[in-house]
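Let's take a walk through this structure together. Have the sequence and the 3D view open side by side as you read.

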2 protein chains.
Amino acid sequence: MARAGLDPASVTEAGATLADELGLDGLSMGLVAERLGVKTPSLYKHVDGLADLTHRIAVLSATELGDALRDATQGRSDTDALAAAAQAMRRYVKEHPGRYAAGNRARTTDPHDPFVVASTRLLDSLAAVLRGYRLEADQEIHALRTLRSMLHGFATLEVADSFQMDTDVDDSFAWMIAFIDQGLRATVR
Amino acid sequence: MARAGLDPASVTEAGATLADELGLDGLSMGLVAERLGVKTPSLYKHVDGLADLTHRIAVLSATELGDALRDATQGRSDTDALAAAAQAMRRYVKEHPGRYAAGNRARTTDPHDPFVVASTRLLDSLAAVLRGYRLEADQEIHALRTLRSMLHGFATLEVADSFQMDTDVDDSFAWMIAFIDQGLRATVR
DNA sequence: AGTTTGTGGCTAACAGCATTAGCCACTCTC
DNA sequence: GAGAGTGGCTAATGCTGTTAGCCACAAACT
């Protein structure tokens, strides 16, 4: 049999793409194998089963999203940085719902887990945006959690098709960003 | 064989409880049957398979959460109502993560689906809270989506154990509620 | 009370998926 | 060119969801 030239990264990438297309629940070892032109058991030479594959997708997702946030906020500050970060996050979740879902499913106890590293980097990018608002030090964590909750909540509700009404979702998102921007400005220092 | 006295509601309840205990992904027909003291195929006399069971749990969840919001906001207004609704939602998701997850997974096209009815009622309760802030009519939907995103985002991140740092999560939640309260007050009318 | 009918259990069987064991050919190295 | 390791494969197992078909009980009707 001709070698297929697979490795953990290519298997993960194929799995991530499939998860985006079918939803994370639709992901299966069989489909990944088929997509790679290989029989299912062959995947086990590169990846330690479906749980491991899912976790690798989570790491990929956190890394990619962290990069997207970094790129988006590069050279911007305050309101601009906030808007750019928010849009970047929303777009990433819309384009890669399966990957993002994998990231949310990830549970980890090990602090050396690459997922922890990647999501810490991701959170740092969001925290950097907030720094432009010069909040009190002890309020920063609360603001970070609030911002993250909003963005995460909005994006997941949107990809789950949970917004009824036909009012434009883009408008709502813009409104929400303006809302948090103004709120942060008004927060006592 | 002595009859077990099951019906769709009791099967759904058992499934919901199991989903809360094990996570929605841990839910299986076999476990539900075992918990009810019955063999797996018997469940199919009451429920149309795992997908149907999950959907019924989603309806249950939306209904219960709607009731909780209604109860919590009863007789309160403005800031009090907002805080009560927010706490009620957070508590529900913490106590019933599996049910709530089922509600988020629910996809539906049919407008007569009881899930649509229940979640509309739920959203109405949140909208009622906002009415106390006397926003412009065309801003209400945006504010509703923002509020919902925040609450949904915070609660799901919390039950997914996604908040690192050991800063008190209760404090962050209170901060977030105060944030949105002040923001809504400051919104131009 | 006896008969009848429908319902809600059951066992048996099957299909799909993840996973493991064990084999074998190709490829890279010396 | 010989040898070792790697990465495919087939075969087999176990678990889960689901369907088919049987049979006993309970309620309803005569």
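The tour below starts with one chain, moves to the pairing of the chains, then to the DNA strands, and ends inside chain B.

Please keep in mind that this is a predicted model. Begin with chain A, which has 8 helices and 0 strands. Reading from the N terminus, its elements run α-α-α-α-α-α-α-α. Along its principal axes, the C-alpha trace of chain A spans about 65 × 40 × 30 Å. Of the 189 residues in chain A, 43% are buried. If you look at contacts in chain A between residues at least 6 apart in sequence, 68% of them join residues at least 24 apart.

Now bring chain B into view. A turn of 180° with a shift of 0.0 Å along the axis lays chain B on chain A, with an RMSD of 0.0 Å. That is the relation of a two-fold axis. To find the axis from chain B, go to B:Gly153, whose C-alpha is the nearest to it in that chain, at 1.8 Å.

How many residues of each chain take part in the contact between chain A and chain B? There are 26 residues of chain B in contact with 26 residues of chain A. On the chain B side, helix H7 (137-159) and helix H8 (169-186) each supply at least two of the residues that touch chain A. H7(B) gives the most to this side, with 11 residues. By class, the side of chain B that touches chain A divides into 11 nonpolar, 10 polar and 5 charged residues. The copies meet through the same surface, because 100% of the interface residues of chain B are also interface residues in chain A.

Next, turn to the DNA. Around DNA strand C there are 21 residues, of which A:Ser28, A:Met29, A:Pro41, A:Gly49 and B:Lys39 come nearest. Helix H2 (29-36) and helix H3 (50-73) of chain A each supply at least two residues of the surface near strand C. This surface has 11 nonpolar, 6 polar and 4 charged residues.

For DNA strand D, the surrounding residues number 20, and the closest are A:Lys39, B:Ser28, B:Met29, B:Pro41 and B:Gly49. Here helix H2 (29-35) and H3 of chain B each supply at least two residues of the nearby surface. By class, the surface near DNA strand D has 10 nonpolar, 6 polar and 4 charged residues.

Finally, step inside chain B. Is helix H5 (residues 97-105) of chain B largely enclosed or open? Of its 9 residues, 7 are buried, so H5(B) is largely enclosed by the rest of the structure. The buried residues are B:Pro97, B:Gly98, B:Arg99, B:Tyr100, B:Ala101, B:Ala102 and B:Gly103. Their cover includes helix H1 (8-22), helix H3 (50-73), helix H4 (78-95) and H7 of chain B.

H7(B) also packs against another helix. Two packed helices are described by the angle between their axes and the distance between the axes. The axes of helix H6 (residues 114-131) of chain B and H7(B) come within 10 Å and cross at roughly 115°, and this crossing is right-handed. From H6(B), the residues B:Leu126, B:Ala127 and B:Leu130 meet B:Glu140, B:Ala143, B:Leu144, B:Leu147 and B:Arg148 in H7(B). By class, this contact has 6 nonpolar, no polar and 2 charged residues.

Conventions: Residues are numbered from 1 along each chain as its sequence is written. Chains are lettered from A and ligands numbered from 1 in the order in which they are written. This is a predicted model: local features need pLDDT of at least 70, side-chain atom pairs count only at pLDDT 80 or more; totals for chains, interfaces and linings use all residues. Two residues are in contact if their C-beta atoms, placed from the backbone, lie within 7 Å. Helices (H or I, at least four residues) and strands (E, at least two) are DSSP runs, numbered from the N terminus. Ala, Val, Leu, Ile, Met, Phe, Trp, Tyr, Cys and Pro count as nonpolar, Asp, Glu, Lys and Arg as charged, and the others, Gly among them, as polar. A residue is near a molecule or strand if its C-beta atom, placed from the backbone, lies within 6 Å of it. A residue is buried if 20 or more other C-beta atoms lie within 10 Å of its own, exposed if 12 or fewer, and partly exposed in between; C-beta atoms are placed from the backbone. Copies are superposed by least squares on the C-alpha atoms of residues with pLDDT of at least 70 in both. Axes are lines fitted to C-alpha atoms, for helices over the stretch in contact, and angles run from 0 to 180 degrees between N-to-C directions. A crossing is left-handed if the near helix is turned anticlockwise from the far one by less than a right angle, and right-handed if clockwise.
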